[in-house]
Amino acid sequence: MRIALVTESFLPDVNGVAHSVVRAAEHLVRRGHAPLVIAPQPPPGVRGPVGELPYPVVRIPSLPMPGYPQIRLGLPTPALTAALRAHDTDVVHLASPFVLGAWGAAAARALRVPAVAVYQTDVAAYARAYRVSMTEHAAWRWIRTVHNAAFRTLAPSTESVAALNGHGVHRVQLWRRGVDDVRFHPRHRSAGVRRALAPGGEVLVGFVGRLAVEKQVDLLAQTSRLPGVRLVVVGDGPAAGTLRQALPDAVFLGARHGAQLARIYASLDVFAHTGPYETFGQAIQEAMASGLPVVAPAAGGPLDLVADGLTGHLVPPFRAEGFTAAIAGLVTDPTRRALFGAAGRVAVEGRTWTTVGDELIGHYEAALRPAAERVLVPA
């Protein structure tokens, strides 16, 4: 199949949408299919590693998103339709469609090509968090319009499925994300990393992710002041400066990748994920694969990932006290940390990108089946 992945974000961006598109495109190549990625042009002076990729990438002119210039908004342009036509696309994959994705959906309709939409960003919640001019109601109306134009919408968690259904999005199915359980593994725990981050033998509590308002990392301020605790923050983003002031006792490592990131994960003792708007929570899966107990909000994607009292703790979202109390309990109980971490590792084993990639290919194949055949063969 010839699959065009129209995405709101792509390399060199570091976020869940870009990561999922890279993984999907890599899997399509391995399975003998022909992917094409269509993505916004990165900021001036920043170049994505297009030449290093085993599939073509078409860049669309873009503008910075107001209030969050690191995110680029792809502009409507005939180049997108021309790229689909030149690629002879069989199925259009709309990755977290909102701006460029909406144009991709329209282009797919014009070319009579089926589209599969992947819901990954809680845009309505972001509108509230950033106080932009678009209201939550207007955001959901737009989401409903874009997603209902697709053959099918794939959502990453049961909470996302329920939210989409509740706001009038039809034909929604669950499609979770994979995790590299070889790269992220407890065996990568490093005595050297621990000496560097905890020279006094402190218990290491870590956060990994974009440093942005909606992630609410500042809820870990009380945690950073717990006796015998060192808070480690991995990531970058528009809120980095503010967070450094709010968490003066924390260690900020900036963005880390690959084997270095895997060593940091495995060298932590507790993983804290504060964002209440996660549709999935990829960093949680990576932490679990690394053998860490997880403390996360009882909202959104974490509800599917964290088994409260078995692999970690789910706490009330938006409230620092819950995070502080749960983390403090784990800090003083190494046996429980070890049990939760081991159970988390077992829970994510087998959730590979190969498995979920094959599921995705099944959704593409369903979109290509004749309508009469779809009635006889359930997707």
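User: Let's start with the surface. What does Arg112 count as, buried or exposed?

Analyst: The cut-off for exposed is over 50% relative accessible area. Arg112 has a relative accessibility of 79%, so this residue counts as exposed. Keep in mind that we're reading a predicted model here.

User: Where in the chain is Arg112 placed?

Analyst: Look at the loop between helix 3 (100–110) and strand 7 (115–118); Arg112 is in there.

User: And what is phi of Arg112 near?

Analyst: General idea first: most residues other than glycine have a negative phi. Now the case: phi of Arg112 is near 55°, so a positive value in a residue that isn't glycine.

User: Which value does phi of Phe318 come near?

Analyst: Phe318 isn't glycine either, and its phi is positive, near 75°. You'll find Phe318 in the loop between strand 15 (312–315) and helix 13 (320–331). With a relative accessible area of 44%, Phe318 counts as partly exposed.

User: On to peptide bonds. Is the one from Leu11 to Pro12 cis or trans?

Analyst: As a rule, most peptide bonds are trans. The bond from Leu11 to Pro12 is cis, though, with omega near 10°. Pro12 belongs to the loop between strand 1 (2–7) and helix 1 (16–30).

User: How many aromatic pairs does the structure hold?

Analyst: Four. One of them joins Tyr265 and Phe271, 5.8 Å from centre to centre, with 45° between the planes. To name the geometry, compare that angle with the limits: under 30 degrees is stacked, over 60 is edge-to-face, so this pair comes out as tilted.

User: Are Tyr265 and Phe271 buried or exposed, and which residues do the ring pairs link into a cluster?

Analyst: Tyr265 and Phe271 are both buried. Ring pairs link these two with Phe184 into a cluster.

User: Let's zoom out. How many helices and strands does the chain have?

Analyst: The chain has 16 helices and 15 strands. For overall packing, set the radius of gyration against the globule rule: 21 Å in the chain, close to the 21 Å that the rule gives for 379 residues, so the chain is as compact as a globular protein of that length. The C-alpha atoms fill a box of roughly 60 × 45 × 40 Å along the principal axes.

User: What share of the residues counts as buried?

Analyst: Of the 379 residues, 56%. As for contacts with a separation of 6 or more, 65% involve residues 24 or more positions apart.

User: And how far apart are the mean positions of the charges?

Analyst: With 37 positive and 28 negative charges in the chain, the two mean positions are 3 Å apart. Finally, the chain exposes about 15,600 Å², and carbon and sulfur atoms supply 57% of that.

Key
Residues are numbered from 1 along each chain as its sequence is written. This is a predicted model: local features need pLDDT of at least 70, side-chain atom pairs count only at pLDDT 80 or more; totals for chains, interfaces and linings use all residues. Side-chain values use heavy atoms; hydrogens and water are left out. Helices (H or I, at least four residues) and strands (E, at least two) are DSSP runs, numbered from the N terminus. The radius of gyration is taken over C-alpha atoms; the globule rule is 2.2 Å times the number of residues to the power 0.38. Buried means under 20% relative accessible area, exposed over 50%, partly exposed in between (1.4 Å probe, protein chains only). Contact means heavy atoms within 4.5 Å. Accessible areas come from the Shrake-Rupley method with a 1.4 Å probe; for residues, only the protein chains shown count as cover. Lys and Arg count as positive and Asp and Glu as negative; His and the chain ends are not counted. The place of a charge is taken as NZ of Lys, CZ of Arg, CG of Asp or CD of Glu. Rings of Phe, Tyr and Trp (its six-membered ring) pair if their centres lie within 6.5 Å; planes under 30 degrees apart count as stacked, over 60 as edge-to-face and the rest as tilted.
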